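Visitor: I should be grateful for a close look at the strands of this model and at how they pair. Please continue from there to the charged side chains and their surroundings.

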Amino acid sequence: MLAFVNARLIDGTGAAARDGYSVLTDGKTISAVGRNIRIPKNAEIINLRGKILMPGLIEAHAHIGEHPLYDGAGLDSAEQSHEYEKMRKYALEAGITTIRSCGDYMYDSAEVSRRINNGIIQGPRIICSGKSFMRNDAHPATTVWAANPATVANCGAYPKTCSEARSMVKEAVDAGMDFIKIIIGDTHIILWPKKFNQLENDIIKTIIEEAHRYGRPVACHVDHLEQAEFAVEYGADEIHHLIAIGTPDHELGEYVPLFEAMCRKNVWLVPTIAVPRLFESRRLEKRCPSGGIDECIKVFKMAYEFGVPLGLGCDAGCPGIVWGKSLWNEMREYVYNVGMTPLEAIRCATSQNARMMRMETQIGSIRVGACADLLVLDKDPSMCIDNIDSILLVIRDGTITVDNRCS
């Protein structure tokens with residue numbers, strides 16, 4: 001039992017920081033929050049003396065397997081990566097207490113998630129999609145996974161008919177997957193202007209319908225506006241990326257119908273700004289006229305101002321986007337380029353992500369009954385988002401897992 005007293009509380013809901021708060025944990029959950037709560041005699045009291053107490057961060061789009069070729073292709077299995085050891089370490093050190101696997105070895109990610117939840121190994125809570133639904137002759141099977149046949153075989157689901165799609169969705173549900181990921185793309189991000197055929201529309205529609213029949217939300221990787229429009233029409237719950245290198249250039253006004261539909265249907269957008277930021281030098285080298293970071297920022301800023309619900313993730317685990325601290329950079333992008341306040345960016349990385357993942361009663365905010373996933377910071381990130389890097393303590397399920405107080 002931990003009792004945090006004299007905290008400056010950021011509760012994750014978007015409310016302003018409040019001084020003089022105490023939070024009591026009992027086992028894995030938060031049992032009391034307030035200015036005048038009763039502290040049991042057997043509690044370990046941690047006097048924060050005005051330091052920040054806030055919810056653990058949530059990474060909404062990551063790949064938890066390491067890269068066997070490091071500078072490029074593939075995703076490692078749990079065995080090859082020692083149960084995703086580096087991811088678990090780097091995520092916790094950055095204050096990430098929940099991470100969402102958007103495409104990895106299905107059974108491996110489920111088993112490691114179970115072992116973490118049972119306290120056998122230490123790490124962030126893992127929310128799993130397992131295999132990504134895609135074509136076997138498109139991205140990423142023939143691009144960033146191409147040199148690693150094991151990744152192609154274990155991390156992708158390749159339905160050629162609607163019947164196969166239904167069977168594969170059932171397989172994912174039976175394996176305990178929390179959501180379904182579909183890759184809808186036709187752009188060769190490495191060999192632009194080469195194009196792929198994309199997954200057939202009737203198969204995409206079937207995957208979404210079947211996932212919903214089992215109560216699973218669907219996240220769609222899309223390369224450009226037209227793909228996002230029909231994904232939303234078919235019932236997708238989330239759109240990830242939205243703009244890829246070399247995709248068609250659109251006037252801002254052309255996004256209005258999409259954003260209207262996303263607001264009306266409560267469809268989430270996870271921009272992963274880290275990706276176009278990473279690819280910008282390659283885009284310029286290839287003299288690719290569209291899909292650049294400036295174009296992306298304008299569209300994502302418009303989505304924010306339009307009121308599209310935004311989640312926050314950075315595609316961590318891709319080459320060049322490290323687990324953990326890259327999420328801090330994504331939060332900075334939201335503040336310095338998209339136009340959010342620091343509190344809004346914090347909310348996106350906590351309670352908004354939890355809502356998107358349908359876990360708002362469990363994670364993402366400091367409330368009675370929620371999981372005791374907490375951060376103690378030396379400086380206030382609601383005043384300056386750069387202060388998100390001043391982590392003193394990381395508490396995961398009521399246990400201190402990172403302690404920087406003496407470092």
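Guide: What follows treats the strand pairing, then a pair of glycines, and then the charged residues.

The model is a predicted one, and every value below is to be read in that light. An open sheet of six strands, paired in the parallel sense, runs in the order β10-β9-β11-β12-β13-β14. Its edges are formed by β10 (156-157) and β14 (268-270), each of which pairs on one side only. Within this sheet, β11 (residues 180-184) and β12 (residues 218-222) run parallel and are joined by five bridges. In that pairing, K181 has A219 of β12 opposite it. As a general matter, the strands of a sheet are held to one another by backbone hydrogen bonds, in either a parallel or an antiparallel arrangement.

Both arrangements occur around β5. Strand β1 (residues 2-9) runs parallel to β5 (residues 52-55), and two bridges join them. L9 has L53 of β5 as its bridge partner. With strand β15 (residues 374-377), by contrast, β5 pairs in the antiparallel sense, over four bridges. Here M54 is the residue that stands opposite L375 of β15. Strand β5 thus pairs with β1 and also with β15.

A contact between two glycines may be considered next. G103 is located in the loop that connects β7 (96-101) with α2 (106-117). Its relative accessible area is 0%, and G103 is therefore classed as buried, the limit being under 20%. The C-alpha atom of G103 lies 5.3 Å from that of G130, although 27 residues separate the two along the chain.

Helix α2, which follows that loop, carries a salt bridge between R114 and E111, with the closest N and O atoms 2.6 Å apart. These two residues are three positions apart in α2, so about one helical turn separates them. Both ends of this pair are partly exposed: R114 has a relative accessibility of 37%, and E111 has one of 35%.

Strand β1 contributes to another salt bridge, in which the side chains of R8 and D19 meet at 3.0 Å, N to O. This pair links distant parts of the chain, since R8 belongs to β1 and D19 to β2 (residues 18-26), eleven residues apart. D19 is partly exposed, at 44% relative accessibility.

In a further salt bridge, D137 and R135 bring their side chains together at 2.8 Å, N to O. The two ends fall into separate classes of exposure: D137, at 33% relative accessibility, is partly exposed, whereas R135, at 18%, is buried. The value for R135 is under 20%, the limit for a buried residue, and R135 is therefore placed in that class. Salt bridges also link R125, D373, R396 and D397 into a network. In total, 22 salt bridges are counted in the model.

There remains a group of acidic residues at the surface. E226, E229, D249, E251 and E254 form a patch of negative charge there. One of them, E251, is situated in the loop between β13 (238-241) and α7 (256-265). With a relative accessible area of 59%, E251 is exposed, because the limit for that class is over 50%. The loop that holds E251 starts from β13, a member of the six-stranded sheet, where β13 stands between β12 and β14 in the order of strands.

Notes. Residues numbered from 1 in each chain as written. Predicted model: local features only at pLDDT ≥ 70, side-chain atom pairs only at ≥ 80, totals over all residues. Heavy atoms only, no water. Patch = residues over 30% accessible without salt bridge, like charges linked within 9 Å, V, L, I, M, F, W, Y side chains within 5 Å. Areas by Shrake-Rupley, 256 points an atom, 1.4 Å probe, with all protein chains shown as cover. Salt bridge = Lys/Arg side-chain N within 4 Å of Asp/Glu carboxyl O. Lys, Arg positive; Asp, Glu negative; His and termini not counted. Charge placed at Lys NZ, Arg CZ, Asp CG, Glu CD. Buried < 20%, exposed > 50% of the residue type's maximum accessible area, 1.4 Å probe, protein only. Pairing = 2+ DSSP bridges.
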